[in-house]
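Trainee: Please take me through one part of this protein at close range, and then show me how the rest is arranged around it. I'd like to be able to follow along on screen as you go.

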Amino acid sequence: MRAIGIIASDSTENDARVILNEGEEKRVRAEDLVLVENRNEGKILAVLRRGLGSNENLKPGGYHPGVAYARIGGRPSMAKETYDFALSVIGETGEAIQQNKKILAPGSLVQIFEDNDDPMQYLARKKNGSTLGHYEGQCSWEVPVDCSFISYHLGIFASTGGGKSFLARHQMIPLLQKAGYSILVLDWKGRDYAPHYPKENVISISEIALDTETVAGYLVEKMKNFGYSAYSGGNVTQAVEEYIDGQKWRGLSLTEFRYVLEHSIVNELNPTQLKSGRAFEEEQRFKRGLRRLKDTDIQNILGTITVQDILNLVREKGILIVDMKRTGSDEKLSMFLTFANYIKELMQNDEDIDLALLIDEAPQYCPFRPGGIQEQTTDIIIDLCALGRTHKLSICLLSQGIAGEIGINAAVRRNLNTQFVGKIHPLDMNEASSWLSPFNIDAKFLLSLPPGHFFLMGSMNPSPIPLLLTFEIPPDGKHQ
Ligand SMILES: Nc1ncnc2c1ncn2[C@@H]1O[C@H](COP(=O)(O)OP(=O)(O)OP(=O)(O)O)[C@@H](O)[C@H]1O
Ligand SMILES: [Mg+2]
């Protein structure tokens, strides 16, 4: 420990400023951890934030001798120069960290933790508990986290390139595994997770069997609704829906599917093979639609892995990545909906799930203003959050924005009890400010955070105030 200064006047039990000893301004940095030897008794753990340099001689907006020197390029006196930092109290040290209730006496000595000290010991609620990354600036200070709150859901927020997917891959997934969760990752772009895991841990979305309603809707849409204006259009749509509902097409190959679909529907619409009239027109309408249906569209619905299979696979392998590239948004969301409905039902039947569902690109599933199928996915995420708390299902959402147009739905956000906030988008300044300014963190500080730096706050944080953590990227970047 090294003494760096003393507590200034006007201190309270939560806030104070530290006047730095001469020369310490060159060494002490924002987010450094300190211990205050309170003259009113007790040792208080705190974080330094919002530094301030002041010099009586250099006050702008008035004419002083110091200002006069500066104006002609001279060197004004440094005699009245001071540096200070605001101090955000974490708590009083002891068996465990406790809320500090005594005023920090002005003049109390402030000491900084150096490389060999371990301030994290004060925060760890139990020995050998789980940790996540390390405190910013000190690789050996692993940040303890409270894993009992994993099923109270997590949110990881940072603008693009902020390091969300890296945090998830290198830190969250190993932590969740250690805590006994199986993990299903929904890899929206198929780029952030799928290429980094062994092949046996990755399945493609086209291998998954969608429910009949989704398949029928998808095919009809790809066949341009057979030229009908509204979706619940005429006979042709109905015939396709009924055929799909009959399930006879499951397990067919691509060419078989096309052949069987054509013959079944034509037979249904025009059984006596008339050459004119309504039946004939409907047959033509269907055939025009069928010509629009591409092989790749069909491929997307021929998957055979059921949602039950997915859950079994996740449990068997520990981690499963669903590679969602090369499909449209609606198909991705439909697949999610099918799976989400299934696990919701299991939880309603009082089954424990022991699963973490990691959803990258969360605004695609539960945006600020959901429309179309997103209304259903947003609602089901809220339901899963509510049920998950008691049935060991953890929802982990990654998003480029926090609130508003770029963020995630407010009702969903309220369910995420632990947050990681990295470099934010300027549009999120207001939201980040309301979260962080009570803790002396300037939202502007968040605009310039380097990739991979996150403020941890909420239930899993052992400290009542947010802590800045980061992590190293392993050289090979692969996962087991
Ligand atoms: N802990 C870290 N230390 C150093 N660099 C990092 C760290 N974490 C991430 N990065 C760098 O940041 C880059 C972007 O990270 P990542 O892909 O996780 O961002 P993202 O937030 O998921 O972005 P997007 O929203 O576009 O998916 C990485 O390629 C990596 O080089
Ligand atoms: Mg990403």
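**A close look at the open sheet**

Mentor: Let's begin with β15 and β16, which run antiparallel and are joined by 4 bridges. Before we go further, keep in mind that this is a predicted model. Within that pair, find Gln419, and you will see Met457 of β16 opposite. Strand β16 covers residues 454-458 and is mostly covered, with 4 of its 5 residues buried.

Now step outward from β16 to strand β17 (residues 467-470). These strands are antiparallel too, and 3 bridges hold β16 and β17 together. A handy landmark here is Phe454, which faces Leu469 in β17.

Going the other way from β15 (residues 418-421), you reach β9, and the pairing is parallel over 4 bridges. Look for Ile156, whose bridge partner in β15 is Phe420. On from there, β9 is joined to strand β14 (residues 393-399) by 4 bridges, and this pair runs parallel. Opposite Gly155 you will find Leu397 of β14.

Strand β9 (residues 154-157) deserves a pause. Which of its residues are buried on one side, and which on the other? Leu154 and Ile156 are buried on one side, Gly155 and Phe157 are buried on the other, and both faces of the strand are therefore covered.

With those strands in place, you can read the whole sheet. It is open, has 11 strands with mixed pairing, and runs in the order β8-β7-β17-β16-β15-β9-β14-β13-β10-β12-β11. The edges are β8 (142-144) and β11 (202-204); each has a single partner strand, so one side of each has no neighbour in the sheet. On average, neighbouring strands are turned by 30° against each other, ignoring direction. Helix α3 packs on this sheet and touches several strands, including β9, β14, β15 and β16, and its direction makes about 170° with that of β14.

Helix α3 also leads us to the ligand. Spanning residues 164-178, α3 gives the largest share of the shell around ligand 1, namely 3 residues. In total, 14 residues surround ligand 1, and the closest are Gly163, Lys164, Ser165, Pro451 and Gly452. By character, this shell is made up of 5 nonpolar, 8 polar and 1 charged residues.

To place all this in the chain, the protein divides into domain 1 (2-117), domain 2 (142-203 + 318-470) and domain 3 (212-299). The C-alpha centres of domain 1 and domain 3 are 74 Å apart.

For contrast, look at strand β6 (residues 109-112). There the side chains alternate: Val110 and Ile112 point to one face and are buried, while Leu109 and Gln111 point to the other and are not. Strand β6 pairs with strand β1 (residues 2-7) in the antiparallel sense, over 4 bridges, and Ile6 is found opposite Leu109. Strand β3 (residues 33-37) is also antiparallel to β6, again with 4 bridges, and here Leu35 stands opposite Gln111.

Next, try helix α4 (residues 212-222). Its buried residues are Thr214, Val215, Ala216, Tyr218, Leu219 and Val220. A reminder that helps when you look at such a list: an α-helix has 3.6 residues a turn, so residues three or four places apart point the same way. Among the elements that cover the buried residues of α4 are α5 (235-245) and α10 (329-348). After α4 comes Lys224, with a positive phi near 55°.

Two more backbone spots are worth a click. Gln247 is not a glycine, yet its phi is positive, near 70°; it sits in the loop between α5 and α6 (254-269). Gln247 counts as exposed because it has 10 C-beta neighbours inside 10 Å, where the cut-off for exposed is 12 or fewer. Glu361 is also a residue other than glycine with a positive phi, near 55°, and it belongs to the loop between β13 (355-359) and α11 (373-391). With 19 C-beta neighbours inside 10 Å, Glu361 counts as partly exposed, since buried would need 20 or more.

Terms used: Residues numbered from 1 in each chain as written. Chains lettered and ligands numbered in written order. Predicted model: local features only at pLDDT ≥ 70, side-chain atom pairs only at ≥ 80, totals over all residues. Near = placed C-beta within 6 Å. Helix = DSSP H or I, 4+ residues; strand = E, 2+ residues; numbered from the N terminus. Nonpolar A, V, L, I, M, F, W, Y, C, P; charged D, E, K, R; others polar. Pairing = 2+ DSSP bridges. Domains from an automatic or database assignment. Contact = placed C-beta atoms within 7 Å. Axes fitted to C-alpha atoms, helices over the stretch in contact; angles between N-to-C directions.
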